[in-house]
Structure formats: structure tokens, C-alpha cells
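Student: Could you take me through the pockets of this model, one close look at how they are lined?

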Amino acid sequence: MSKLNTSKSQGPDELNPKLLFELRSELCKPLTTLFNVSIQTGLIPQDWRDASVAPLHKKGSKNKSENYRPVSLTSIVSKLLESIVKDSLVKHLDENALIRNSQHGFTRGKSCLSNLLEFFEEVTKTLDRGEAVDLVYLDFAKAFDTVPHCRLFKKLEAHGLGGMF
């Protein structure tokens, strides 16, 4: 809770992150208990799942709706739990060498830029050897909207993460 970003917007529960930060020493034990119960039972309170959707301006004219993207404002408490689960998940994946070196997205110290640079390095080496390079571009913009959750949970279990979900 000491790393809580106090400039984040509050969710529909109207709990201000600044308030949670200031009361962190008093809230730490009760929230730990709530988080443990939630993880053990697999149940998440409705208040933590609710979201308020707000438009966020991307670029261009503010008078055109296509220049906005929807942002879900969720409970700060829910985000804390998500962060704890994510950190545990990443730790498990790192300790058991389950993340390939080629993985760049959502990996500490790597980014889209490092992925692009590594890709262009490989293309350049291939072209320098006089070999051809073929590229196929795919758009995964909506890929995560159709994730088959049953299959995802089975994969997580296969990697030793079944007890978390």
C-alpha cells in the first residue's frame, strides 16, 4: 500500500486513493484478511468488480467521438488485489523459467521498442546474409476480447498456478 499511486482516479466505490494511502497502516491487516478470503474462496465482492466507464481523449479533435477511448475506472482496493496477484504470478513464472526470452510485452526491462529492435536486428542479419525475409502483419486489437477462459485456466494449472484461481 506504500506504493499506492494517489493520483489515480477513484472507482465507483468512491474510495479516494489518497485516503487509502494515508490510512494504509490501519487498513493493511483488514485488507489482507479480505484479500486472503477472496483468493481462498474464489469470490470477488461485486463492489470490486463494478466499473465506471469514462471517455479518455486520444488525439485529434475533441468534437469527434472516434478520438476517444473508453477507460474503466475500478475500485482502488480491487487494483491492489490485482497487483498482488500479478506480482505473485510474475514471481512464479520467473522462478520457474516459464517466460521465454522472446517475451517482451508485460516483462520487466523489456517493451514494444526492445521487441522491435530485436526483430529489426534479426531481419538485418538475414538480409546481410543475402537471404529473403517475408513478413506477415496481423492485427490483434480485439484478440483479448475473445479469450476462452476455460482454456486459459487449464494453461495456468499446467504451469503450476491452479491453486490461485
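Tutor: Here is a walk through the two biggest pockets, with a short stop at a helix and a residue that belong to the picture. Bear in mind that this is a predicted model, where local features need pLDDT of at least 70 and side-chain atom pairs count only at pLDDT 80 or more, while totals for chains, interfaces and linings use all residues. Residues are numbered from 1 along each chain as its sequence is written, and side-chain values use heavy atoms, with hydrogens and water left out.

The largest pocket has a volume of about 1,800 Å³. A pocket here is an open set of points on a 1 Å grid over the protein atoms alone, where a 1.4 Å probe fits, with protein on both sides within 12 Å along at least five of seven lines; lining residues have an atom within 4 Å of a point. Volume is the space filled by probe spheres set on the points, which are joined across faces, edges and corners. The lining runs to 38 residues, with Leu89, Leu93, Phe106, Leu152 and Leu156 nearest the centre. At least two lining residues come from each of helix 2, helix 3 (46-49), helix 4 (76-95) and helix 6, and helix 4 gives the largest share, 10 residues. Helices are DSSP runs of H or I, at least four residues long, numbered from the N terminus. By class, the lining splits into 21 nonpolar, 9 polar and 8 charged residues; nonpolar covers Ala, Val, Leu, Ile, Met, Phe, Trp, Tyr, Cys and Pro, charged covers Asp, Glu, Lys and Arg, and the others, Gly among them, are polar.

Now helix 6, one of those contributors. It spans residues 149-158, and just 1 of its 10 residues is buried, so helix 6 lies largely in the open. Buried means under 20% relative accessible area, with exposed over 50% and partly exposed in between (1.4 Å probe, protein chains only). Just after helix 6, glycine 160 has a positive phi of about 85 degrees.

On to the second largest pocket, at about 470 Å³. Its lining has 17 residues, and Met1, Lys3, Leu80, Ser83 and Ile84 sit closest to the centre. Helix 4 again has the largest share, here 7 residues, and helix 2 also supplies at least two. The classes come out as 8 nonpolar, 4 polar and 5 charged.

Finally, helix 2 (residues 24-41) holds serine 38, which counts as buried because its relative accessibility is 6%. Beyond its neighbours within four places in sequence, serine 38 contacts (heavy atoms within 4.5 Å) Leu43, Ile44, Pro45, Trp48 and Leu81.
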